[in-house]
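Trainee: I would be grateful for a close look at the disulfide in this predicted model. Please then set it beside the other side-chain contacts.

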Amino acid sequence: RANRAQMIGWGVAAAFALLAVLAAGAAGLAVQSQMRASRNLALAIDQSDALVAKIGDELENLASVSKDAIRRILQVVEGELAQIGRIDPGNARLTLSRAAMLSVVADNYVDLGDLTAATDRATQCVDITRPLSDKTPSDIDSQRGLARCLQSLGYATITRGDVDTARPAYQASIALRRRVLASHPDDVTMLDDLSCGLNLYGSLLLRTATFTDARDTAQESIDIATRLVAIDPNNPNHQREKVDSRNILCIALYRLGQGEAAMAGFNELLGIARDLAASRQDNATWQRYLSNIVGNAGYVLFNLGQQSEGMAALNESLDLKRLLVRMDPSNVTWLSELLNWLYTAGDMFARTAQTGDAPPPAGRDRTQDALAAYREALGDARVLVRRDPANAVSQFELIACLWKVSLMQSKTGDAGGARDTSEEALAAIAKLDQSKLDDAQQALIKTIQSALSK
């Protein structure tokens, strides 16, 4: 089944690559012949829009097509749109076409871990659409175009830990979408856009511990997505936003002290996510969502006192994450999520080693299990830092993993290993620009530095 899915995926990729070539050919004709320029320009824009839409709606979700392959296709479109943009730089439709392309390129670079390139493309996207939006405030397409660019800017910057840039970008994007919807309250595409934007903003609110706002934002998205699913039950975008928003809601409820309500929500959500993932086994998005929901449910179970059930769920989530990373090693988003769940698993194992709860199978030791999880997370952190050495969040994760490994090395009697690991962590802290971290991350770095310096 995996081989067949890969063949199908690459067949789709090849078809999209051919479409990119056709768009490039049309652009070339536009440049070469002024007499046919207008006709060929329109053709090139149409083909570019079709390609970008296909990538966003279909190719991005295929587990068998790597993010790097998508990047190569997008580079063709990006180059050709830059070329044809010189023909008519004031063309509003061309500007919006470029913006749609830049938004998809920015999101793709986030998944590849090139956050500098992602932020650059998202910033370009905002810079070319904002003047158009300001000039034509009643034009729906220009408002939607800017909203999409602002969302991409928020996504690129929050991934590198820049909350101060991401928050207003998300807020401005949502405000634009609300304004457009006010005059078109039943437009399905616009409603779906708002639901998506609310979910991304809800994730930021969780990250910044603004749990009440995260709960309310998630509930609004749920209401919109539920309405959309009732209109078109088979639309994967509507289903995705509903599942994502409910996941955010359950996390927020747990953080607000409503553990039982959160677990009830997760139990219902797990059934939905499992059915969707089973029905679309070649859809990486659904496999990723399932792994996140299973992991979140496991975390809540563990902290509600059901340690064995919680760790079993977390192990299932880790298996799904590892599978996704093996499918596409170029996808940094998946690797980063695997790292974070491994770190959480290490914490769970370390806690049960202390309390004696959820005893391990015969011949196993929970401290060794914790050390193994932290070491695997450390290996992933090293990969992320190598891919983007300037990413302060990746550096922070590397330091946190080094700290946990050193603690477990001490507990297992490896004093020399613990000393070496601690020294590496302190050296990494000395190089870290802590101004790029949020308050909680900075506080943890101080804790780690104090503990390792003793």
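Mentor: The link of C125 and C149 is left-handed, with -55° about the S-S bond. In this predicted model, the sulfur atoms of C125 and C149 lie 1.9 Å apart and form a disulfide; the structure holds 1 such link. A disulfide is a covalent bond between the sulfur atoms of two cysteines. C125 belongs to helix 5 (residues 115–135) and C149 to helix 6 (residues 140–159), so the disulfide ties together parts that are 24 residues apart in sequence. Both C125 and C149 are buried. Another cysteine, C250, counts as buried at 5% relative accessibility, because the cut-off for that class is under 20%.

From the covalent link one may turn to the charged contacts. Side chains of opposite charge can pair when their charged atoms come close. The count of salt bridges comes to 15, among them the pair R240 and E241, whose closest N and O atoms are 2.9 Å apart. With a relative accessible area of 18%, R240 is buried, and E241 is buried as well, at 2%.

A second salt bridge joins the side chains of E268 and R246, at 3.0 Å from N to O. Here E268 sits in helix 11 (residues 259–279) and R246 in helix 10 (residues 236–255), so the contact ties together parts that are 22 residues apart in sequence. The two partners fall into separate classes of exposure: E268 is partly exposed, with a relative accessible area of 49%, whereas R246 counts as buried at 15%.

A further salt bridge is formed by the side chains of E337 and R288, with an N to O distance of 2.5 Å. This pair links distant parts of the chain, as E337 is in helix 14 and R288 in helix 12, 49 residues apart. E337 counts as buried at 14% relative accessibility, and R288 counts as partly exposed at 23%. The contact is also part of a wider arrangement, for R288, K321 and E337 are linked in a network of salt bridges.

Helix 12 also carries an aromatic contact. A pair of aromatic rings is described by the distance of the centres and the angle of the planes. The structure holds 3 aromatic pairs, and one of them is formed by W286 and Y289, with 5.9 Å from centre to centre and 80° between the planes, an edge-to-face arrangement. W286 and Y289 are 3 residues apart in helix 12 (residues 284–303), so about one helical turn separates them. The general background is that an α-helix has 3.6 residues a turn, so residues three or four places apart point the same way. W286 is buried, with a relative accessible area of 2%, and Y289 is buried too, at 12%.

Helix 14 likewise takes part in an aromatic contact. The ring centres of Y343 and Y374 are 5.8 Å apart and their planes stand at 65°, so this pair is edge-to-face. Unlike the contact within helix 12, this one links distant parts of the chain: Y343 lies in helix 14 (residues 332–355) and Y374 in helix 15 (residues 366–387), 31 residues apart. Y343 is buried, with a relative accessible area of 16%; Y374 is buried at 1%. Helix 14 thus contributes E337 to the salt bridge with R288 in helix 12, and Y343 to the aromatic pair with Y374 in helix 15.

Helix 8 (residues 188–207) completes the account, here as an element considered along its length. Its 20 residues, at 1.5 Å a residue, should span 28 Å, and the end C-alpha atoms are 29 Å apart, which agrees. Of these 20 residues, 14 are buried, and helix 8 is accordingly described as mostly covered. At the N-terminal end of helix 8, D187 acts as a cap: one of its side-chain oxygens lies 3.1 Å from the backbone nitrogen of T189. After helix 8 comes A209, which has a positive phi, near 60°.

To return to the part requested, the disulfide of C125 and C149 joins helix 5 to helix 6, and both of its cysteines are buried.

Conventions:
Residues numbered from 1 in each chain as written. Predicted model: local features only at pLDDT ≥ 70, side-chain atom pairs only at ≥ 80, totals over all residues. Heavy atoms only, no water. Helix = DSSP H or I, 4+ residues; strand = E, 2+ residues; numbered from the N terminus. Expected span 1.5 Å × (residues − 1). Buried < 20%, exposed > 50% of the residue type's maximum accessible area, 1.4 Å probe, protein only. Polar contact = N/O pair within 3.5 Å; in protein donor to acceptor, adjacent residues only side chain to side chain. Phe/Tyr/Trp six-rings, centres within 6.5 Å; stacked < 30°, edge-to-face > 60°. Disulfide = S-S within 2.5 Å. Salt bridge = Lys/Arg side-chain N within 4 Å of Asp/Glu carboxyl O.
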